[in-house]
Amino acid sequence: TFNFGIILTGLVMTGGCAYFLYKEVFSMDSKTMQFNRAVDRIRSDSRAKDVLGSGHKIRAFGEPTWNRWARARPIASNSHKDANGTEHFMMHFNVEGSSRQGVVNLHSIKTPGQEWEYKYLTLDVRGQPKIYLENADASPDKPSSSFNFLGMQWRK
């Protein structure tokens with residue numbers, strides 16, 4: 001019975017590690033997948049390539065730290081759920097190309113039963129105008145849910 005307890009404990013711990021690995025790395029809701037999706041989008045955008053340099057040489061990384069290990073840079077992100085049940089995910093990271101470097105900001109939303117979609121994905125390079133790779137607020141096909149009255153913007 002003692003050996004059975006050891007084996008059972010090992011199986012539970014292995015299952016916990018597998019679950020954690022899936023949730024943090026392979027799941028569509030993970031920070032890693034969101035980061036990789038945004039980096040691929042930047043590398044494929046012609047405006048970003050014009051500003052940063054060649055798409056193959058564009059590197060993405062987190063916040064600069066005292067640590068010399070390039071992979072140990074944390075990526076600033078935040079996620080929360082609003083009162084309507086919509087999940088919001090915000091991320092901030094750095095990119096560097098062969099000619100310049102910049103900062104990427106993204107805000108993704110996921111309504112219940114839907115996939116993640118960008119609210120905005122921007123690339124900000126010093127000395128250049130901000131590049132909006134995705135901007136759902138400026139989309140012409142979306143009907144406006146707000147109006148102006150007495151110099152203020154009112155939302156419906």
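Here is a quick tour of this chain, from its overall layout down to a few single residues.

First, some ground rules: residues are numbered from 1 along each chain as its sequence is written. This is a predicted model, where local features need pLDDT of at least 70, side-chain atom pairs count only at pLDDT 80 or more, and totals for chains, interfaces and linings use all residues, while side-chain values use heavy atoms and leave out hydrogens and water.

**The whole chain**

The chain has three helices and eight strands; helices (H or I, at least four residues) and strands (E, at least two) are DSSP runs, numbered from the N terminus. Walk along the sequence and you meet them as α-α-α-β-β-β-β-β-β-β-β. Of the 156 residues, 26% are buried (under 20% relative accessible area; exposed is over 50%, and partly exposed is in between, with a 1.4 Å probe and protein chains only). The accessible surface is about 11,300 Å², and 56% of that belongs to carbon and sulfur atoms (areas come from the Shrake-Rupley method with a 1.4 Å probe; for residues, only the protein chains shown count as cover).

**Inside**

The largest nonpolar core holds 21 residues, and I42, F93, V95, L106 and L123 have the most contacts inside it. Elements giving it two or more residues are α2 (31-44), α3 (46-52), β3 (87-96), β4 (101-110), β5 (117-125) and β6 (131-135). A nonpolar core here is a set of buried Ala, Val, Leu, Ile, Met, Phe, Trp, Tyr and Cys residues joined through side-chain atoms within 4.5 Å. Leaving aside neighbours within four places in sequence, F93 is in contact (heavy atoms within 4.5 Å) with residues including F35, I42, F61 and L106.

**Three residues to look up**

| Residue | Element | Relative accessible area |
|---|---|---|
| V12 | helix α1 | 56%, exposed |
| T14 | helix α1 | 53%, exposed |
| H88 | strand β3 | 13%, buried |

V12 teams up with F4 and L8 in a nonpolar surface patch of about 320 Å². Patches use residues with over 30% relative accessible area and no salt bridge, joining like charges within 9 Å and nonpolar side chains (Val, Leu, Ile, Met, Phe, Trp, Tyr) within 5 Å; a salt bridge is a side-chain nitrogen of Lys or Arg within 4 Å of a carboxyl oxygen of Asp or Glu.

For T14, a polar atom of the side chain lies 2.8 Å from the backbone oxygen of G10. The side chains of H88 and H107 are joined by a polar contact of 2.9 Å (a pair of N or O atoms within 3.5 Å; within protein, one must be able to donate a hydrogen and the other to accept it, and residues adjacent in sequence count only if both atoms are side-chain atoms).
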